Amino acid sequence: SLTAGVVAVQGDVEEHADAIERAAREREIPLTVREIRTSGIVPDCDLLAMPGGESTTISRLLRREGIAPEIRAHVEAEKPLLATCAGLIVASSGAGDDRVDELGVLDVSVERNAFGRQRDSFEAPLSVDGLEEPYPAVFIRAPVIDEVGDADVVASWDGRPVAVRDGPVVGTSFHPELTPDSRLHGLALFENDDATIPTLERSA
Ligand code: GLN
């Protein structure tokens with residue numbers, strides 16, 4: 001069975017765990033979810049999610065607990081990572097904030113809290129590459145992706161990229177864990193051709 005890890009130092013962890021479990025069940029993939037609060041767990045994980053929450057807090061705890069280098073190694077091994085909202089900020093290569101120590105595993109620059117300044121949160125039907133029907137995207141004090149380096153834009157809203165893919169890493173400025181629709185988790189974690197899921201390969 002696969003092991004999924006949800007970075008659980010802070011943020012909406014349960015929701016990610018639920019979405020991953022649903023996406024796995026739909027594909028009849030046996031899977032166990034582990035919460036990551038200390039070092040030593042990420043190396044056992046086949047796939048990872050890094051949730052929304054507060055990016056400065058998540059970043060500080062990842063560094064303090066020694067989890068940051070483990071996530072970098074996970075991505076170097078081409079295992080999938082879904083990073084949402086604050087998770088995207090932490091995964092990025094430029095967050096424009098001294099309090100965030102970016103992991104640099106997703107080649108984009110972001111600006112915190114910059115999306116939809118008029119309305120702190122909103123929901124939008126999003127066309128996503130690889131999904132047939134629009135995805136209900138929930139934005140909450142979302143980061144703007146203002147520079148895309150060596151990464152593909154998978155979805156845009158209002159002329160701005162809001163979902164990007166850099167090899168095994170998918171980042172979204174919105175919160176796919178906050179809707180009952182697990183298609184985005186499926187796409188990022190089980191159907192990303194640029195990522196390797198060791199156990200699935202073995203059984204194939
Ligand atoms: N505003 C948060 C931050 O900058 C991110 C928002 C979220 O994850 N909902 O860390």
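Begin by selecting helix α1, residues 13-26, which lies across β1 (2-7), β2 and β3 and runs at about 165 degrees to β2. Keep in mind throughout the tour that the model on your screen is a predicted one.

Next, colour the strands beneath your selection and follow them outward. They belong to an open sheet of seven strands, whose order is β2-β1-β3-β4-β12-β11-β10 and whose pairing is mixed. At its edges you will find β2 (31-36) and β10 (152-157), each of which pairs on one side only. If you turn the view so that you look along the sheet, you can follow a twist that averages 15 degrees from one strand to the next.

Now stay within the sheet and select strand β3, residues 47-50, together with strand β4, residues 81-84, which pair in the parallel sense over three bridges. Where in β4 is the bridge partner of Leu 48? Show both residues, and you will see that Leu 48 has Leu 81 as its partner there.

From here, move to the ligand and display the residues that surround it, which are Gly 52, Gly 53, Glu 54, Ser 55, Cys 85, Ala 86, Ile 89, Arg 112, Asn 113, Ile 140 and Arg 141. Sorted by class, this shell is made up of four nonpolar, four polar and three charged residues.

Then highlight the positions that an unreviewed UniProt entry lists under "binding site", namely Gly 53, Glu 54, Ser 55, Arg 112, Ile 140 and Arg 141. Although these residues span 89 residues in sequence, no two of their C-alpha atoms are more than 13.0 Å apart, so they gather at one spot.

Two of the listed residues deserve a separate stop, and Arg 112 can be taken before Ile 140. Select Arg 112, which sits in the loop between β6 (106-111) and β7 (121-126). Is this residue, Arg 112, buried or exposed? Arg 112 is buried, because 20 other C-beta atoms lie within 10 Å. Leaving aside neighbours within four places in sequence, the contacts of Arg 112 are Ser 55, Ile 89, Ala 95, Asp 97 and Pro 143.

Finally, select Ile 140, which lies in strand β8, residues 135-140. With 19 other C-beta atoms within 10 Å, Ile 140 counts as partly exposed, because a residue needs 20 or more to be buried. Again leaving aside neighbours within four places in sequence, Ile 140 is in contact with Gly 52, Cys 85, Asp 120, Ser 121 and His 175. Of these contacts, Gly 52 and Cys 85 are also among the residues that surround the ligand.

Key. Residues numbered from 1 in each chain as written. Predicted model: local features only at pLDDT ≥ 70, side-chain atom pairs only at ≥ 80, totals over all residues. Near = placed C-beta within 6 Å. Nonpolar A, V, L, I, M, F, W, Y, C, P; charged D, E, K, R; others polar. UniProt positions renumbered as here; feature names shortened; annotations may be inferred. Helix = DSSP H or I, 4+ residues; strand = E, 2+ residues; numbered from the N terminus. Buried ≥ 20, exposed ≤ 12 C-beta atoms within 10 Å, placed from the backbone. Contact = placed C-beta atoms within 7 Å. Pairing = 2+ DSSP bridges. Axes fitted to C-alpha atoms, helices over the stretch in contact; angles between N-to-C directions.
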